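Work through the exercises below with the sequence and the coordinates at hand, and compare each step with the solution that follows it.

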Amino acid sequence: MTSCTVVALALRPHLAATNLAMVYLLGVVIVALLCSSRTSVLVSFLSVAAFDFFCVPPYLTFQVADYEYLVTFGVMLVVALIISTQTARIRRQAQEAVGRQVRTEALYNLSRRLTEQSEDADVARIAEKCAEETFGGAFAIVPKENRKTDPDSHRSPPDQPLVQWVFDHGEKAGHGTERFAEAPALYVPLTGASEMVGVMSVLPPHGEFLNSEQMQFLEVFANQTALAIERIGSQRAAELAQLQVQAEKMRSSLLSAVSHDLRTPLASITGAASTLRLQGDRLEPGTRNELLDSIADESERLSRLVSNLLDMTRLEAGPELRRDLYPIEEIVGTALHRVERQLEHRKVTTQMPETLPMVYADDVLLGQVFLNLLENAIKYSPEGTPIEVSAEATDNAITLEVRDRGSGIAPGEEREIFERFHRGKLNDARGVGLGLAICRAIVEAHQGTIAAYNRAGGGAVFRICLPSQEMR
Amino acid sequence: MNPLILIVEDDPQIRRFLRATLSAEGYVYQEALTAAAGIVQANTRRPDLILLDLGLPDQDGLEVIRRVRESSQMPILILSARGQEKDKVAALDLGADDYIAKPFGVLELLARIRVALRRSAPPSEDRAAIRFGRVEIDFGERIVRVDGQRIHLTRNEYKLLYVLSKHAGKLLTQQQLLNEVWGPNRLDQAQYLRVYIAHLRRKLEADPARPQHLQTEPGVGYRLVVD
C-alpha cells in the first residue's frame with residue numbers, strides 16, 4: 001500500500017489521476033497473489049481510499065472536486081475486488097491440485113504396498129505407516145478378529161469401549177465427530193465391500209481437528225485399507241477350503257490303506273486267541289506256542305502301525321519341534337539301542353568323527369528317523385549282512401548315512417518311496433508305507449533333505465543332510 | 001515276605017494282565033481304580049512299590065506322586081502311553097522312579113519292577129565300589145578303572161558318573177542330573193550335560209555310538225545300566 005502511494009505520488013506530476021489508479025490495481029494484484037483473499041479485499045478498499053486521499057485533487061483529503069471521480073472510484077473498487085477474489089480462487093485451485101496429487105500419490109502408494117501383503121497384520125502395519133506419512137498424527141488399526149487391543153503394540157492403545165461402539169454401530173466416533181467428541185482420538189470404521197473388517201483409530205497431530213477435506217480423504221483411505229484386509233480374508237478362506245479338500249483326500253486314502261493293514265493283524269490275533277480258547281487243551285504244545293507267538297508278533301505289528309499313523313498325523317499338523325543341541329552320536333546311539341534285539345548277529349559299523357559339531361534338532365523326532373531307517377535296513381536286507389551308519393561334517397551341513405546290502409531301490413523309485421502309503425516294488429513289504437514318509441516330514445521340518453540311492457556293489461544308501469547350526 | 005505292589009490303573013484289561021503277571025511272579029497286589037483311592041491305599045497299606053497309570057478318571061496321576069512323596073520314598077513306576085515325554089519328565093521330576101511305555105511286554109515290566117525294588121533296599125546306596133562291564137568305580141578312592149587301567153576323569157565327569165552310579169538303573173531326568181552335578185543355577189544348560197555324557201561314553205564305552213551302559217531316554221534323561 002505504502003509503496004503504491006510513494007510510486008503514485010512520484011508519478012502524480014506526470015500522469016493523469018485515472019492512470020495513477022492503475023498503480024494501485026497493480027498493488028492489489030500483487031497482494032492477491034501473495035496473501036489471503038480477505039487481505040486482498042481489505043487492500044482493495046484501502047487502495048481506493050488512498051487513491052482518493054493522495055491522487056485526487058484536492059489532495060490529502062477525502063473530498064472530491066470533480067464528481068466524475070466517483071465513477072473512477074466505483075470502477076476501480078469493482079476491478080480491485082474481482083482481481084483479488086479471482087486471484088485467490090486460482091491460487092486455491094492450484095493448491096488443491098497439488099493437494100489432490102499428493103493424496104492420489106498417497107493412495108496409489110498405499111494400494112500398491114497393500115496388494116503386496118498377504119497377512120492382516122502386515123496390511124494394518126503398512127496402512128498405519130502410510131496414514132501417518134500422509135496425515136501426520138498416530139494411527140492404529142484394530143482388526144475384527146482381535147477386538148481386544150494388542151498389548152505389545154508400540155502405539156498408544158485405542159480406547160476399548162469406543163472401538164467396541166464403532167464395531168457395533170459402524171459409524172465414526174470420537175474426536176471431531178458428534179459422538180464422544182471429547183475423546184482424544186477419532187475412530188473410523190473400516191468397511192469393505194461386504195462387511196466391517198476393523199476400526200482405525202486416529203490421534204490427530206497436535207490434537208487438531210481434521211478439516212472436511214482431510215476427513216473425506218481419510219474415509220477413502222479407510223476404504224482402501226478395508227478392501228485390502230477383506231481381500232486377504234477371502235484369500236485365506238479359499239486356502240483353508242483348499243486345505244480341507246486336501247485333508248479330506250488324505251483322510252480317505254488313509255482310511256482305505258489303513259483299514260486293510262489294521263484288519264490283517266487283528267484277524268490273526270482274533271483267530272489265534274479263539275483257537276487257543278476253544279481247543280487249547282487238545283493242541284500240540286508246539287502249535288500252541290506258534291499261535292501265542294503269532295498273537296505277540298501281530299500285536300507288536302499293530303502297535304507299530306498305530307504309532308506310525310499317530311506320528312504321521314502329528315507331523316501333518318505341523319510338528320512342534322523341541323530343538324536343542326545334541327551330539328549326533330547320542331541320537332544314533334539311542335536308535336541303535338532300540339533295534340538291538342532285531343540286529344541279532346549283524347555287524348553294525350559306525351563312523352562318527354569326534355570332531356562332529358552338535359546338531360540343533362528335536363532329539364526324539366530325529367531319533368525316530370534313524371530308528372525307521374535302521375528298521376528298514378534290517379527288514380530289507382538279508383540276515384547277517386552288515387549295516388553302516390556314518391556322519392560327516394562339511395562347512396555348512398552335516399551329512400548322515402544309513403547303508404545296507406539289501407536289494408536296493410527299483411530304478412525311478414528313489415523319490416516315490418518317500419511318499420505316503422508307497423510300498424517299495426522290490427520287496428513284498430508288510431508295512432503301510434509310512435516309515436519313510438515320516439522320515440521325510442521330520443527331516444524337512446528341520447530344514448534338511450533326505451534322499452535314497454543305490455550303492456555300488458548292491459544295497460541302498462539313505463542320506464540325510466542337515467544344515468549345521470552355529471553354537472548359540 | 002512277598003513284596004506288595006499297588007496297582008493304580010483304571011483300565012480293566014491292563015489290570016487283568018498285571019494281576020496275572022504279578023501273581024505268577026509271586027508278588028502280592030492291591031488295586032486302586034482312581035487317584036484318590038490310590039493315595040489312600042498308598043498311605044494305609046504302605047506297599048513296596050506302586051504301578052501308576054497317569055491317565056486316571058478323577059485326577060492326574062501326577063497328583064498321586066506328589067501326595068505319596070510327601071511322606072514316603074516308596075518306588076513309583078509310571079505306566080505311560082508312548083510319545084508323552086513331557087508327562088514322563090514331569091512325573092520323574094516329581095519323584096517317580098521310572099516309567100514303562102504302553103504297550104509293554106512282561107519281561108520289560110518285571111525287569112523294571114525288580115530294579116526298583118532292589119534299589120529301595122537301603123544298603124545298595126552306600127556301596128564302596130561298583131562294577132559294570134569293563135568299568136570299575138571305587139567311590140572311596142574316587143578312582144575309575146576300565147579293563148583294570150586307571151583312567152582320568154575331570155571333576156565334573158566324575159561327579160556325573162558318581163550321581164548316575166549312585167542311582168544305577170534309575171532313569172534320571174536332565175533337570176535332576178544338572179541339579180545334582182552343576183547345581184540349581186545351571187538347570188537350562190542341558191547341552192553341558194550332553195557334552196559330558198558324550199565324554200564319559202568315549203572314556204567308558206567300547207563303542208560310544210552303541211553305548212551299553214550310559215543310555216539315553218530321548219526327551220527324558222539318562223540311565224546307567226549296570227547289569
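**Exercise 1.** State how much accessible surface chain A has, and what share of that surface belongs to carbon and sulfur atoms.

*Solution.* In this predicted model, the accessible surface of chain A amounts to about 26,200 Å², and carbon and sulfur atoms contribute 56% of that area. Turning from surface to burial, 42% of the 472 residues of chain A count as buried, the cut-off being under 20% relative accessible area. The chain is built with twelve helices and eleven strands. Finally, among contacts in chain A with a separation of 6 or more, 62% are accounted for by residues 24 or more positions apart.

**Exercise 2.** Determine the order in which the five strands of the open sheet in chain B are arranged, and explain why one side of strand 2 and of strand 5 is left without a neighbour in the sheet.

*Solution.* The order of the strands in the open sheet of chain B is 2-1-3-4-5, with parallel pairing. Strand 2 (28-32) and strand 5 (98-102) of chain B each have a single partner strand, because they stand at the edges, and so one side of each lacks a neighbour in the sheet. From one strand to the next, the twist averages 20°.

**Exercise 3.** Describe how strand 3 and strand 4 of chain B pair, and identify the helix that lies across them.

*Solution.* Strand 3 (residues 49-53) and strand 4 (residues 76-81) of chain B are joined in the parallel sense by four bridges. Within this pairing, L52(B) stands opposite I78(B) of strand 4. Across strand 3 and strand 4 of chain B lies helix 3 (residues 61-69) of chain B, which runs at about 155° to strand 3.

How values were computed. Residues numbered from 1 in each chain as written. Chains lettered and ligands numbered in written order. Predicted model: local features only at pLDDT ≥ 70, side-chain atom pairs only at ≥ 80, totals over all residues. Heavy atoms only, no water. Pairing = 2+ DSSP bridges. Helix = DSSP H or I, 4+ residues; strand = E, 2+ residues; numbered from the N terminus. Axes fitted to C-alpha atoms, helices over the stretch in contact; angles between N-to-C directions. Contact = heavy atoms within 4.5 Å. Buried < 20%, exposed > 50% of the residue type's maximum accessible area, 1.4 Å probe, protein only. Areas by Shrake-Rupley, 256 points an atom, 1.4 Å probe, with all protein chains shown as cover.
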